Amino acid sequence: MTAFISHRLNCSEFFFKKWWNSPFSLSICAALWPSLLTPYSLSWAGHEAASKNFMDKDLDMSVVGRSFMITGANSSIGKAVAMAIAKKGGTVHLVCRNKERAEATREEIVRESGNTEIYVHLLDLSETRRVWEFAEAFKKEYTSLNVLINNAGCMVNQRELTSDGLEKNFATNTLGVYVLTKCLIPLLEKCKDPRVITVSSGGMLVQKLNPTDLQTERTAFDGTMVYAQNKRQQVVMTEVWAKAHPKIHFSVMHPGWADTPAVATAMPQFHQMMRDRLRTAAQGADTVIWLAVSKTAVETASGLFFQDRKVVPTHLPLAWTHSSQEDVQVFIGQLKTLALTVRPSGVFS
Ligand SMILES: NC(=O)c1ccc[n+]([C@@H]2O[C@H](COP(=O)([O-])OP(=O)(O)OC[C@H]3O[C@@H](n4cnc5c(N)ncnc54)[C@H](OP(=O)(O)O)[C@@H]3O)[C@@H](O)[C@H]2O)c1
């Protein structure tokens, strides 16, 4: 049994690494919750199986008149989400860091959907100061935003600093998401049925929130684990925002393992091993689209973690990944301090 479990777990790069606090709990958890731990549920076949329970009517609607912002919208999951929403008639704000890729995506979406309400915004989310400026300018220019989709993400395997002097994974995956969301909350709150969806990862299950070393200054740098910690931070931020802003429906999700440039570049061994089983970008995008447009999604409580249109737990059984309220407060306090440190003068959000 143990050998069988080990074999299944070896299929994921996350499970090659120090991912659990106790070997005992690893075996117990694998036995108790195979659907999350084994790659099957995260593969394209897992999505196929899960999709048998999806309700077609959930996505059978127009979103004309509603406005959506999608970060990292020029590639894979983000692009599939943008395309699907454009086809339903929504106004789509593509937030991307590369002008050519962003414009090419806009052209493709307009051509395929016939929807011309597609706007390109250039922003590197790792540049926190620019995130502040962008969000403030957006609020001045646009009177509505119904849905924010925090999709952009990265796994940089060496420790790099941004021009603000912040560790790059943390700046992109956590602080950029924090500043963008916090700045846009007042605009979202003015709009009908506002939602914020953050694309996290099941990789976060291997991490407990670590509020004392947000920029990996005191521990050995391991890109996979830094990424997983950032994805845990996204889950915690979502839970905190859901309590603080009841007018908005917040959700966070795992797309499963999809064949995208992010996976191929950052996790080449995993990609090579899994490539026949990886999901398509469209399969990875399905739950994001469902959370963004369906009526059913907002019938669940705000602040939860989803996979394949279902709420799933944010901790594995018996895991030591639960954090204290004090840790959560320290974490949010540090985000606030860091965000204010790089806030441009004249910005008052
Ligand atoms: N694919 C999976 O199996 C998987 C699993 C779990 C979670 N996720 C999450 O899914 C999300 C989408 O990733 P993906 O798999 O679709 O990969 P992807 O195709 O590489 O897309 C990532 C997107 O994020 C953008 N991005 C990265 N850093 C950015 C920055 N500093 N500023 C602005 N945009 C930035 C990329 O822009 P460029 O094109 O300019 O690089 C790209 O558009 C990520 O949050 C990822 O962590 C993916």
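The following exchange walks through a predicted model, asking about its sheet, one of its helices and its core.

Trainee: How are residues numbered, and what pLDDT do local features need?

Mentor: Residues are counted from 1 along each chain as its sequence is written. Because this is a predicted model, totals for chains, interfaces and linings use all residues, while side-chain atom pairs count only at pLDDT 80 or more and local features need pLDDT of at least 70.

Trainee: Which strands stand at the edges of the open sheet?

Mentor: Strands (E, at least two residues) and helices (H or I, at least four) are DSSP runs numbered from the N terminus, and two strands pair if DSSP finds at least two bridges between them. The open sheet has eight strands with mixed pairing, in the order β3-β2-β1-β4-β5-β6-β7-β8. Each edge strand has a single partner, so one side of it is left without a neighbour in the sheet, and these strands are β3 and β8 (310–311).

Trainee: Within that sheet, which residue of β7 is the bridge partner of Ser251?

Mentor: Strands β6 (residues 249–253) and β7 (residues 304–307) run parallel and are joined by three bridges. In β7, the partner of Ser251 is Leu304.

Trainee: Within what arc do the buried residues of helix α8 fall?

Mentor: A residue is buried if 20 or more other C-beta atoms, placed from the backbone, lie within 10 Å of its own, exposed if 12 or fewer, and partly exposed in between. In α8 (residues 99–113), Ala102, Thr105, Arg106, Ile109 and Ser113 are buried, whereas Glu100, Ala104, Glu107, Arg111 and Glu112 are exposed on the other side. Judged by the directions from the helix axis to the C-beta atoms, the buried residues line one face of the helix, because they fall within an arc of 100°.

Trainee: Is Val328 buried, exposed or partly exposed?

Mentor: Val328 is found in helix α15 (residues 325–341), and it touches Leu209, Val236, Val240 and Ser323, not counting residues up to four places away in sequence, where contact is taken as C-beta atoms, placed from the backbone, within 7 Å. Because it has 16 C-beta neighbours inside 10 Å, Val328 counts as partly exposed.

Trainee: Which helix gives the largest share of the largest nonpolar core?

Mentor: A nonpolar core is a set of buried Ala, Val, Leu, Ile, Met, Phe, Trp, Tyr and Cys residues joined through C-beta atoms within 7 Å. The largest one has 92 residues, and Ile85 is among those with the most contacts inside it. Twelve residues, the largest share, come from helix α10 (residues 168–190).

Note on methods. Expected span 1.5 Å × (residues − 1). Contact = placed C-beta atoms within 7 Å.
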